[in-house]
Amino acid sequence: MGTKKVVIRTADLGGEKQAECLELGEDRNPEIGYRGIRVSLDKDEIFKTQLRAILRASAYGNMSVMFPMITDVEEVKQAKLILEKIKNELKDEKIPFNEEIKIGVMIETPAAVMISGELAREADFFSIGTNDLTQYTLAIDRQNTKLEAFYDAHHPAVLKMIEMTIANAHKAGIWAGICGELGADTQLTKEFLAMGVDELSVSPAKILPVRKVILETDVEAYRRRKQE
């Protein structure tokens, strides 16, 4: 990747992402259960191994680390303390790494949105995980086929949460991107540009359609039309 940015999210285990070797156990409600950063902070030896690998790789390029399923500022602080501990170990071992590695936070829950101003003071960037944010905001399991008619990723509440997160990120001087299916939704690309989103994460097949909308959009004119 050369000097291009690479963001590595620490393992978002739990929920639909099971790892039998870790014996995470069964959850009656896996999507709101033992998953993401909760697993990492609990099984910190596994977390430390991931962070050590990411830090070692950071010596070779423009790499950032990102923490998933954050709902509390303390979770970010704990993760950063562990990261600092691994940095000190690598220094003692004289193993090179980027001491200024950037730290990101996944915004995937309404709780994270509502405290995004506080989280922004602990992070260098946000990535808004729209798949989980939608299901948690609407209280709809996105894997339940019976609920497909009710799952509306364009719901005003979801869009307002995205806008709030971007605004709080910019107030703190950090950037905010969108990942998940909405990042590639060209019906919303103009809306995201008007919100001031800094990055859209999409699959390779969606790059050209999204780029076409971006290049053809006069953002200021679109904002004016919305206000009229």
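A nonpolar core, as the term is used on this tour, is a set of buried Ala, Val, Leu, Ile, Met, Phe, Trp, Tyr and Cys residues joined through side-chain atoms within 4.5 Å. The model in your viewer is a predicted one, and the tour goes from its core to its largest pocket and then to some of its salt bridges.

**The core**

Begin by selecting Phe-67, Leu-119, Phe-126, Ile-162 and Phe-192, which are the residues with the most contacts inside the largest nonpolar core, a set of 48 residues. Then colour helix 3, residues 73-92, since the largest share of this core, seven residues, comes from that helix. As general background, nonpolar side chains in soluble globular proteins tend to be buried together.

Next, centre the view on Ile-162 and show its surroundings. Leaving aside residues up to four places away in sequence, Ile-162 touches Ile-128, Thr-130, Leu-133, Ile-178, Leu-182, Phe-192 and Met-195; one of these, Phe-192, is itself listed with Ile-162 among the residues with the most contacts inside the core.

From there, move to Thr-165, which you will find in helix 7, spanning residues 156-171. Is Thr-165 buried or exposed? Its relative accessibility is 0%, and Thr-165 therefore counts as buried, the cut-off being under 20%. With residues up to four places away in sequence again left out, the contacts of Thr-165 are Ile-107, Val-113, Ser-116, Phe-126 and Ile-128.

**The largest pocket**

Now select Lys-5, Val-6, Val-7, Met-66, Phe-125, Ser-127, Trp-175, Gly-177, Ile-178, Cys-179, Glu-199 and Ser-201, which together line the largest pocket. Three elements each give two or more residues to this lining, namely strand 1 (5-9), strand 4 (125-129) and strand 5 (175-179). Strand 5 supplies the largest share, four residues. The space in this pocket comes to about 190 Å³, and if you colour the lining by class you should find seven nonpolar, three polar and two charged residues. While this selection is displayed, note that Ile-178, a lining residue, is also one of the residues that Ile-162 touches.

**Salt bridges**

How many salt bridges does the structure hold? There are twelve, and three of the pairs are visited here.

For the first stop, show Lys-80 and Glu-122, whose closest N and O atoms are 3.0 Å apart in a salt bridge. This pair links distant parts of the chain, 42 residues apart, with Lys-80 in helix 3 and Glu-122 in the loop between helix 5 (116-120) and strand 4. At 22% relative accessibility, Lys-80 counts as partly exposed.

The second stop is Asp-44 with Lys-48, a salt bridge in which the closest N and O atoms are 4.0 Å apart. Because these two residues are four apart in helix 2 (residues 44-57), about one helical turn separates them. Asp-44 is partly exposed, with a relative accessible area of 27%, whereas Lys-48 is buried, at 16%. Add Glu-45 to the selection as well, for Asp-44, Glu-45 and Lys-48 are linked in a network of salt bridges.

Finish at helix 9, residues 207-216, where Glu-216 and Lys-212 are four residues apart and so are separated by about one helical turn. Their side chains meet in a salt bridge of 2.8 Å, N to O. Glu-216 counts as exposed at 56% relative accessibility, while Lys-212, at 48%, counts as partly exposed.

Terms used: Residues numbered from 1 in each chain as written. Predicted model: local features only at pLDDT ≥ 70, side-chain atom pairs only at ≥ 80, totals over all residues. Heavy atoms only, no water. Buried < 20%, exposed > 50% of the residue type's maximum accessible area, 1.4 Å probe, protein only. Contact = heavy atoms within 4.5 Å. 1 Å grid on protein atoms, 1.4 Å probe; cavity = no way out; pocket = protein on both sides within 12 Å on 5 of 7 lines; lining within 4 Å. Points joined across faces, edges and corners; volume = space filled by probe spheres on them. Nonpolar A, V, L, I, M, F, W, Y, C, P; charged D, E, K, R; others polar.
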